[in-house]
Amino acid sequence: MSATLLVVRPRAQALAWVDELTALGVAARALPLIEILPAPEPAEVDAVFAQVEASRAAPVLVFVSPNAVLGFFAAAASALAWPAHAWAAATGPGTVAALRECGVPAQRIVAPASGAGQFDSEALWSAISGWPWAARPVWIVRGNGGRDWLGRQLRDAGADVRVVQSYARAAPVLDDGERALLAQALAEPVRWIWMFSSSEAIDHLQSLAPDARWDAARALASHPRIAQRATALGFGAVTIVSPSATAAAAAVADMRPA
């Protein structure tokens, strides 16, 4: 029996992934386990963009995810054009793509190499750790919460680091169809493969199904930390994959039918 891949990213991104996976011949459904909300203080985001424009240094905005990018540009009413002296740092290819869609020139974006083993703060720091950071203004653009590992590295290197919240993450509000899909996945775990790109999504899944058994369930995870969280919840098999639809499709093809 072939399995269907459950994409649990925020709704808009999950639907886009389903379209891409379907084009690759993979049966996929969207089951969003994270809700994305606008920036709680959009005026603060807009003020950051004005500060970047006015800076005489070579400011750096570090975007930790595509949602950070989209939330930032949605809130920054003055963001008509990317300042020529500013850098946009991205943790991975999805974030780079979002920056390009929002009009940031490719030559002003820095990110881990496309062939990097993983895409996260550590990989980005490897790419930029040699930059001159003393007193350099840096804004880390992110949602509510999250790790501060990269911020600590930048502060230790002498950068003037600030944090701006460009969006908020929340527990999902499933519609009737999504609740029915979750029920199917819980009733017949061998028919489904979960695709996790966030430990928070796994936390929300546990809250939605606190009594579920996961030993017969399989998952793909886009980072070792996420794989550890899925394993801790009890998933019987977890495979780490690069965060791309192509990689996910290849991993599904390699899995034995349940």
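Here are four short exercises on the structure above, each with a worked solution.

This is a predicted model, in which local features need pLDDT of at least 70, side-chain atom pairs count only at pLDDT 80 or more, and totals for chains, interfaces and linings use all residues. Residues are numbered from 1 along each chain as its sequence is written, and side-chain values use heavy atoms, with hydrogens and water left out.

**Exercise 1. Find the order of the strands in the open sheet, and its edge strands.**

Helices (H or I, at least four residues) and strands (E, at least two) are DSSP runs, numbered from the N terminus. Two strands pair if DSSP finds at least two bridges between them.
- Start with the order: the five strands run β6-β5-β4-β7-β8, with parallel pairing.
- Next, the edges are β6 (109-110) and β8 (160-165), each of which pairs on one side only.
- Then take one pair: β7 (residues 137-142) is joined to β8 by six bridges. Within this pair, V138 has V161 as its bridge partner.

**Exercise 2. Work out how α3 and α4 are oriented to each other.**

Axes are lines fitted to C-alpha atoms, for helices over the stretch in contact, and angles run from 0 to 180 degrees between N-to-C directions.
- The axes of α3 (residues 66-75) and α4 cross at roughly 20° and come within 8 Å.
- Angles under 35 degrees count as roughly parallel, over 145 as roughly antiparallel, 65 to 115 as roughly perpendicular and the rest as oblique. The two helices α3 and α4 are therefore roughly parallel to each other.
- Now the residues: P66, V69 and F73 of α3 make the contact (heavy atoms within 4.5 Å) with G94, T95, A98 and L99 of α4.

**Exercise 3. Do the same for α1 and α10.**

- Helix α1 (residues 11-23) packs against α10 (residues 245-254) at an angle of about 55°, with the axes 10 Å apart.
- By the cut-offs of the previous exercise, α1 and α10 are therefore oblique to each other.
- On the α1 side the contact uses W17, E20 and L21, which meet A245, A248 and A249 in α10.

**Exercise 4. Locate S222 and decide whether this residue is buried or exposed.**

- S222 sits in the loop between β11 (218-221) and α9 (224-233).
- Buried means under 20% relative accessible area, exposed over 50%, partly exposed in between (1.4 Å probe, protein chains only). S222 counts as buried because its relative accessibility is 14%.
- Finally, list the partners: apart from neighbours within four places in sequence, S222 contacts M195, F196, S197, V241 and P243.
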